[in-house]
Protein chains: 2
Amino acid sequence: MDDVPGSVGTSASFSLRLGQTIFSSASLLFMSLGVEFYSYTAFCYLVTIMGLAIPWSFTLAIVDGYSVLVKCPIRQPGILLIIVLGDWVLSTLILAAASSTASVVDLLLHSNGSHCPPKICSRYKISAAMAFLSWLLSMASSLFNLWLLPSL
Amino acid sequence: MDDVPGSVGTSASFSLRLGQTIFSSASLLFMSLGVEFYSYTAFCYLVTIMGLAIPWSFTLAIVDGYSVLVKCPIRQPGILLIIVLGDWVLSTLILAAASSTASVVDLLLHSNGSHCPPKICSRYKISAAMAFLSWLLSMASSLFNLWLLPSL
């Protein structure tokens with residue numbers, strides 16, 4: 001069987017997972033640096049989702065790294081299905097969180113009584129952008145693994 | 001070949017498309033009834049996306065209705081792939097629009113200087129809920145057709 005690049009246990013997948021971990025952590029950090037995030041529901045939601053996404057991506061990055069080192073990729077359809085479903089659910093949640101954050105930041109920037117210092121608001125913007133990048137990578141992982149699934 | 005319930009050209013698919021059209025139209029109507037939607041980016045985005053989703057769902061509902069009547073479902077992989085991709089892109093966009101709208105409505109309701117009359121705000125809420133329902137149905141259509149695709 002040919003290896004699909006980007007599926008579990010390849011070095012491309014390892015890079016994707018590493019990217020997800022980095023972008024999710026960056027999103028969480030930029031959000032938490034401004035201490036006012038708990039006053040907005042959308043920002044709390046983003047922090048919660050990133051708290052889920054970081055351990056998930058990090059665990060799978062370790063699994064991928066291990067598979068690449070011992071040259072023995074995972075090929076059980078059950079495990080792969082769980083990974084595909086988990087990735088898919090997470091990417092949906094991350095997309096929802098990212099677009100909520102982006103729209104709230106936009107509203108804060110353009111509302112009349114603007115109560116958002118430029119420095120903090122730009123942090124929120126960077127956080128939303130990082131969340132979108134994390135979504136892209138997470139969806140790519142899910143699609144690559146879904147592509148591999150029928151051939152098992 | 002067995003028919004997957006919910007794939008293009010079945011009565012289940014027709015119901016799904018009809019539901020999408022109805023929920024998208026309801027979302028658009030409830031948003032447009034409050035005349036202030038153009039002052040918020042997220043609401044404009046929702047209106048734009050719904051303006052895309054309604055013709056798409058309506059066209060496919062007509063195609064499905066026709067297929068059911070003449071008992072001759074579409075089975076070209078190319079056309080099916082376009083439908084799956086279109087559904088998937090649209091459902092992603094609808095999810096982003098729905099969560100943006102929901103978070104902005106939440107912010108408007110709970111901000112200190114609340115500039116949102118309860119009657120208009122409840123319309124926005126209903127509009128966001130309708131958009132979420134439209135997302136669910138659109139994703140269901142996409143998944144059912146994706147399920148059918150490898151067997152062609």
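By what turn, and with what shift along the axis, can chain A be laid on chain B? A turn of 180° and a shift of 0.0 Å along the axis lay chain A on chain B with an RMSD of 0.0 Å, the copies being superposed by least squares on the C-alpha atoms of residues with pLDDT of at least 70 in both. That is the relation of a two-fold axis. Select S100(A) next, since in chain A its C-alpha is the one nearest the axis, 2.2 Å from it. The same surface serves both copies, as 100% of the contact residues of chain A recur in chain B, where contact means heavy atoms within 4.5 Å.

This is a predicted model, in which local features need pLDDT of at least 70 and side-chain atom pairs count only at pLDDT 80 or more, while totals for chains, interfaces and linings use all residues. Residues are numbered from 1 along each chain as its sequence is written, chains are lettered from A and ligands numbered from 1 in the order in which they are written, and side-chain values use heavy atoms, with hydrogens and water left out.

Now show chain A alone: its secondary structure comes to four helices and zero strands, helices being DSSP runs of H or I with at least four residues and strands runs of E with at least two, numbered from the N terminus. The C-alpha trace of chain A spans about 60 × 25 × 20 Å along its principal axes. Of the 152 residues of chain A, 48% count as buried (under 20% relative accessible area, with a 1.4 Å probe and protein chains only).

Bring back both chains and select F43(A), L108(A), F43(B) and L108(B), which have the most contacts inside the largest nonpolar core, a set of 50 residues. Such a core consists of buried Ala, Val, Leu, Ile, Met, Phe, Trp, Tyr and Cys residues joined through side-chain atoms within 4.5 Å. Helices α2 (41-70), α3 and α4 of chain A, together with α2 (41-70), α3 and α4 of chain B, each supply at least two residues of this core.

Finally, select D87(B), which lies in helix α3 of chain B. D87(B) counts as buried because its relative accessibility is 0%. Leaving aside residues up to four places away in sequence, D87(B) touches R17(B), W56(B), S138(B), S141(B), S142(B) and N145(B), so showing these side chains displays the surroundings of D87(B).
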